[in-house]
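Welcome, and please have your viewer ready. We will go from stop to stop, with something to select at each one.

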Amino acid sequence: MLTRRGRVVAGIAGLAVLLAGIFGARALNAIVAPAVVALVAGYLQVRFVPAVAVERTPPENAHAGETRTATLSFQSREGDPLSRPFLGDVTERVGEGLWPVAGENATVRERPSGDAEIRFETAVGAEPLQYEVEYRQRGQHTLGPVTVTATDAFGLHARETELRGTETTIVFPRVRRLGVVGRRSLGRLQEYSRSDQRGEFEELREYVPGDPLRDIHWKTTAKRDELIVTEFAADTDVASVTVAAGANAEGADAMAEATASVVLPLVADGVPVELSLPRGELRVGPEFGGQAAMLRTLAVVDSGPVPDPDADVVIKGRADDATVDVRGRRHQFSEMVGAQTAGDAVPAPEVEA
């Protein structure tokens, strides 16, 4: 199809033909001939542009507030490199919740539907295109499809092709660094989860500096003339902490952020957690993992009632904040993290996609 510039050139050529009929053929040779040559040459360039396919490397899953890189590579339909790159525009659609960052030879605009698109002026197939993606809102978001608009060297003709296919990226909730109030509250939970019950007798062994004196087995020590201590199967027993979370219609984001920020520090300190959400339960702990599954679940969890009001920790999300009830002591989540900004997010554990 003709571009706006192409329509202007065609219009000028038509006007020149009209003028030639009035003032003579010289006007036809001076204006019409170059215009026709340009229009025909441009048409042939666009007509024989090779069919292409796109391979998208989506940005890795990450947390709200972070930025990752997406890559677009173009090749032939058979998967081979393009032998003849061509001039054109590449437009990538980016789902709501993500935002593309304009770089060199790229522009970004928001679509009426609320998502965005990034547009490159490039030689398609010459080299991969990369752009940064800001993660603005938790959830599972889509990148694509891509539209390729081939143009000729004069910008007179264009041929638009939509390359079907999309990829998804998961945006986890932010994990906030707890302040003094938050650390003190979780500290009580850690003390509660660790009992002083000693395990069963396992064996006798030589004393090692640092062993408790109460573990010295005096009868055997007297016989061997050296310190012998009693080894137990386990000195401590770590009990699970139960966490239940729910939210009103507008509080799912606050619930997800508060839950991730409370559970991950507990697990990092060796405390297993039994987590119940409006639509499912998870076990998260140092022995059986679950951090990745929890973050993926919190990325898409919806609002709903608290499933276990008697849990050790009860989290209730609201539109602007969440409440965190730790064994009967209620705090605002914003108080537990203190005066922080998005830059104070904790580097969360690496998780697989």
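In what order do the six strands of the open sheet stand? Select them and read across: the order is 18-17-16-19-20-21, and the pairing is mixed. Now colour the two edges, strand 18 (280–284) and strand 21 (329–332). Each has a single partner strand, so one side of each is left without a neighbour in the sheet. On average, neighbouring strands here are turned by 15 degrees against each other, direction ignored. Please keep in mind on this tour that the model is a predicted one.

Next, zoom in on strand 16 (residues 241–247) and strand 19 (residues 313–317). These two run parallel and are joined by five bridges. To see one pairing up close, pick Val243: its bridge partner in strand 19 is Val313.

With the sheet still in view, add helix 6 (residues 291–300), which packs on the sheet. Helix 6 touches strand 17 (273–277) and strand 18, and the direction of the helix makes about 150 degrees with that of strand 18.

Now move to helix 3 (residues 180–193) and show the side chain of Ser185, which is placed in this helix. Is Ser185 buried or exposed? Its relative accessibility is 2%, and because buried means under 20%, Ser185 counts as buried. Which residues does Ser185 contact, leaving aside its neighbours within four places in sequence? Select Val326, His331 and Met336 to see them. One of these, His331, lies within the residue range of strand 21 (329–332), the edge strand you coloured earlier.

For a contrast, turn to the surface and select Val36, Val40, Tyr43, Leu44 and Phe48. Together they make a nonpolar surface patch of about 480 Å². Phe48 sits in the loop between helix 2 (26–47) and strand 1 (52–57). With a relative accessibility of 54%, Phe48 counts as exposed, because the cut-off for exposed is over 50%.

Finally, zoom out to the whole protein chain. Its secondary structure comes to seven helices and 21 strands. Of its 353 residues, 41% count as buried. The accessible surface comes to about 19,500 Å², and 50% of that belongs to carbon and sulfur atoms. If you display contacts between residues at least 6 apart in sequence, 68% of them join residues at least 24 apart.

Key: Residues are numbered from 1 along each chain as its sequence is written. This is a predicted model: local features need pLDDT of at least 70, side-chain atom pairs count only at pLDDT 80 or more; totals for chains, interfaces and linings use all residues. Side-chain values use heavy atoms; hydrogens and water are left out. Patches are made of residues with over 30% relative accessible area and no salt bridge: like charges are joined within 9 Å, nonpolar side chains (Val, Leu, Ile, Met, Phe, Trp, Tyr) within 5 Å. Accessible areas come from the Shrake-Rupley method with a 1.4 Å probe; for residues, only the protein chains shown count as cover. A salt bridge is a side-chain nitrogen of Lys or Arg within 4 Å of a carboxyl oxygen of Asp or Glu. Helices (H or I, at least four residues) and strands (E, at least two) are DSSP runs, numbered from the N terminus. Buried means under 20% relative accessible area, exposed over 50%, partly exposed in between (1.4 Å probe, protein chains only). Two strands pair if DSSP finds at least two bridges between them. Axes are lines fitted to C-alpha atoms, for helices over the stretch in contact, and angles run from 0 to 180 degrees between N-to-C directions. Contact means heavy atoms within 4.5 Å.
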